[in-house]
Amino acid sequence: MTDPVLDIRDLKIALPKGSDRPFALDGLNLSVNPGEIVCLVGESGSGKSLTAGAIMRLLPEPHVRVAEGSIRFEGQDLLALSEREMKQIRGDRIAQIFQEPMTALNPQKTVGWQIDEVLRLHTGLGRKARRARVLELLDLVHIPDPRSVYHAYPHQVSGGQRQRVMIAMALACEPKLIIADEPTTALDVTTQLQILKLIRELQEKEGAGILFITHDFGVVAEIADRVVVLSKGEMVEQGTAAEVLNRPKHPYTRALIGAIPALVPPRPRDFRDAPVVLRAEGLVKTFAARGSLISGKRAPVTAVDNLSFTLRRGETLGVVGESGSGKTTVSRIVTRLLESDCGAVEVDGTDLLACSPRELREMRRHIQMVFQDPMASLNPRKRVEDLIAQGPIVHGADPKAARARARELLELVELSPAAATRYPHEFSGGQRQRIGIARALAMEPKVIVADEPVSALDVSVQAQVLKLLADLRDRLDLSVLFVTHDLRVAAQLCDRVIVMQKGRIVETGVTAELFAAPSHPYTQQLLASIPGRGWTPPDLATDAA
Amino acid sequence: MTAATTDLPRAEAAPAVALWRRFARNRAALLGLVLFGAVLVMAATAGLIEPTDPLRRAGDPLTKPFTDWAVPLGTDQLGRDILAQLFHGARISLLVGVLATLLSIAIGVVVGALAGFFGGWVDDVLMRVTEAFQTIPNFVLLLALVAILGSSIEYITLAIAIVSWTAPARMVRAEFLSLRSREFVDAARNLGVSNGALIFREILPNALPPVIVYASVIMALSILLESALAFLGLGDPNHASWGNMIGQGRAVLRTDWYCAVIPGIAIVLTVLSFSLLGEGLNDALNPRQKKQ
C-alpha cells in the first residue's frame, strides 16, 4: 500500500460572520491515492469548490480561511508552506482543471504560449525543448493537428478542445495530483463523454491522483474509484463508487440518488384525437454575421432550418439537442421574441408571425414561457405578486383581483402566499423557478414554452420542479413545448421528442420508442453519451419517506 | 404540504432601511451628509440672516472678519455683508446644482434609453449627436451658450444642463444595452408589455443606480461651472452667488484675501459633500460590487 498523494484531515473552513453557517466545510477527511480518482460530490453551496481552493491555498482570505485541520500533499503540510513555496507547487506538482475553459484561458494569448508558460515557470527547458513538449502534450490530449492549434487563440477552437488544452496545461509538469473542478459541466454530453474518457485514459497512463469535483452522479458513475459526498459542508458518506452508487447509506445520498431522473420514459399517451394547439410550419432563422471592415463578410449562420412540428392539447413535446442545435432559437421564435425569416406559427389557428404589433400583444396571453435562469428572468426590483400579476394587469385585469389571484397561484406552485410581498433575490433557485411558473400560469395560456427550466437547478430541486410541472400539466391540461439538452429530463416529462442537430430535425418520435430504438446515428450517439447510462440508480422510492 | 411552503427565507428589512444601513456603514458618506445638511440649513435660513437684500450696503467697505459683530465675516469692497451673501449664495448654488442636474439627467436618460433600447439607426443618430456635444470643450460651449442666451440665472442653469447631459446619456445607454438582453425583459415582453412600459417600468429602475451616483458628480460640476462663469463676470449680477463673490474678491485678493477665500471654502466644502455623498450612494445602491 502506497502513501496517499493527498491526505486531508479534519479540515474546517470558516466563513465570514453573518453567513448562513459558520463553517463552509466542517470536518472533512479525505485522501487520494496515486492512480486513483476520488469524486467529491455535492450540490451547490456544499463547499466542494472551497475544498479545491483550500488545497491550492487560493481561498479568498481573510474572509474565508482554513480554521482547523491539515492538508498533507505527499506528506508535506500545505497549510504550513509560505506563499513562495506554494507557488512552486501550484501548476507543477498540483494542477487544476477549471470548469469554464473559456474564462480560465487568457483570450489575448495563443494556446501554445499558455502551455509554454507553465513549462517556462516550472522547468529549465530551452525554447525548442519546450515547444516540442507542448506539441507532444497537445498530441497526448488527442487534439488533431497540434501545430495549428499551437498558434490558435482560445476563441478559435471549440469548447471541447479548449478543455483538452486545459488538461494539457495541467499535465505539462507531470503533476502528482490533479484537481478537476466540474471540468465537464460546461460541455455538451457527447463532448463530456470524450473528455471523461480522456481523463480516465491519461490518469491510467500518468498515474496521478485526481480529485474530481462534480454535482452529477452520472459523471461519478462514469469515472470514480471512490466517492465522497458533501452536504452543506459536512461529509455525509464516503466509500467506493460501487458502494455509494448502488447501496447508499446516508439519507442525503439516498435522496440525491433518488432524485436522479431515471432513463425510463413515461408510458405513451395517445393524443391523436386531441386538437392541435400549436403548429409550426417551415421556420427558418438565419443570423447574418455583421462583418467588420477588416475581417470582411462572414458567412451567415443558419440557426433553424425549415422546422415544422405540431403540439396537441395536453401533450408535452420535447426539443432536445446540444448547444448550437438551434433549440433555444425555436423557443424564441414560437413566442416571437425573435423574428423568423419565414414560415408560420399557428396558436389555435391564428398565425402569430403574421400578427400586427397590437394583435401580437393580445395573442401573447395564449403562449407563455418559463425561462432558463430564474434569477435573470425575474425583474429584481419587483415584488413577487407584481411579477405574477403583471401579465393579467397588462391585459386589462383589475389589479386587486390579479394580485389576489397571484397569491392563489403561489399556493398552486407550492409556495407560501406570504412570499407575495418579497423580492426575487430572497428566494432559492428552485423557489424562483416556481415563481416563474406561476407567472406563466397567471395568463392561463394555451401553450407553455419551457426553455431549459431546470438546467440551472440542483438535482434534488430539479426533481421537485419537474414533478410540479408534470402535476400541473396533468391537472390543468397544459400543452408544453419543453426545450432541454438533458435527455434524462426529457425522458421524465415528454410524450414526444424532437431531436435537433445544427438547426434541423434529425429524428422525431414518441419518447419511449425513440429511446428504445433510435434510428438516426446522431440520436444514437446522444443516447450513448448520457453519463452513467450503464448504471441504473437503485430503486430507493420505498424508503424515500 | 411540501417543504417549499415552509422554508421561506427570513424576511429582510424594508428596502429603505437596508439602503440606509449600507449608506451609514461608510463614515465619509455620513460626513458628506452632514456637510450637505449644513448647506441646506444655510439656504433655508438665509432669510433670517438677511431678510431684505444681501446685496445692500451693510457697513464700511472692506471691514475685516470678526471685527464688527453687525457683519461677523466682514464686508466686501462695496460694503456688502459677506455672511449674508454666503447664505443667499447657498440658495443659488443649490438651485443651480439641483435644477441643472435634474435637467441634464432627464435629457441623458431619454437619449440613452432610446439609443440603448432600440439600437440600429436610432442609436447611430443619437450617439453621433452626443459625440458632437462631447467633442466641444464643456466650458467653451457653456460660454457660447451664455453669450447667446444671456446671463440670467435661468439661462445659466439651462446652459449648464445642455453641456452636461452627455455623460449620463452614455451611461444609461450602456446599462440599457446590457439590460435589454436580460431574460426578465423578454419575460415582460412575452407578457405583452408595450415598449414604453418596457423602457420606463422594467429596464429604467434597474439602470438608475449608477446614474443616481453620477448625479452627485454632475451636481458638484454644475456648482463649479456656475462659479466659474461668475468668476469671469458672466454670472447673474442680480443674485448673490459664491462665484460672483470670488469674482469680485479677486480685485482685492492681495490686500483683503478673505473676500475671495470665504466663498471659496464654501464651494470646496459643498463640492466635497456631494462627492462623499456619491460614494455613499454607490455603496448603498450597488451593494453587489462590495459584497463578494
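Select chain B and colour it by burial: of its 292 residues, 49% are buried (under 20% relative accessible area, with exposed over 50% and partly exposed in between, for a 1.4 Å probe and protein chains only). This is a predicted model, in which local features need pLDDT of at least 70 and side-chain atom pairs pLDDT 80 or more, while totals for chains, interfaces and linings use all residues. Residues are numbered from 1 along each chain as its sequence is written, chains are lettered from A and ligands numbered from 1 in written order, and side-chain values use heavy atoms, without hydrogens and water.

Stay on chain B and switch to cartoon. Chain B has 13 helices and zero strands (DSSP runs, numbered from the N terminus: H or I of at least four residues for helices, E of at least two for strands). Its C-alpha atoms fill a box of roughly 85 × 50 × 30 Å along the principal axes. Among contacts (heavy atoms within 4.5 Å) with a separation of 6 or more in chain B, 70% join residues 24 or more positions apart.

Next, show the surface of chain B. The accessible area is about 14200 Å², and carbon and sulfur atoms hold 66% of it (Shrake-Rupley method, 1.4 Å probe).

Now move to chain A and select residues 251-259, helix α11. Which residues of this helix are buried? They are Y252(A), T253(A), L256(A), I257(A) and A259(A). These residues lie on the same side of α11(A) because they cover an arc of only 160° around the axis (taken from the directions from the helix axis to the C-beta atoms).

Finally, add what covers them, including α9 (217-223), β9 (226-231), β10 (234-240), α10 (241-246) and α17 (459-476) of chain A.
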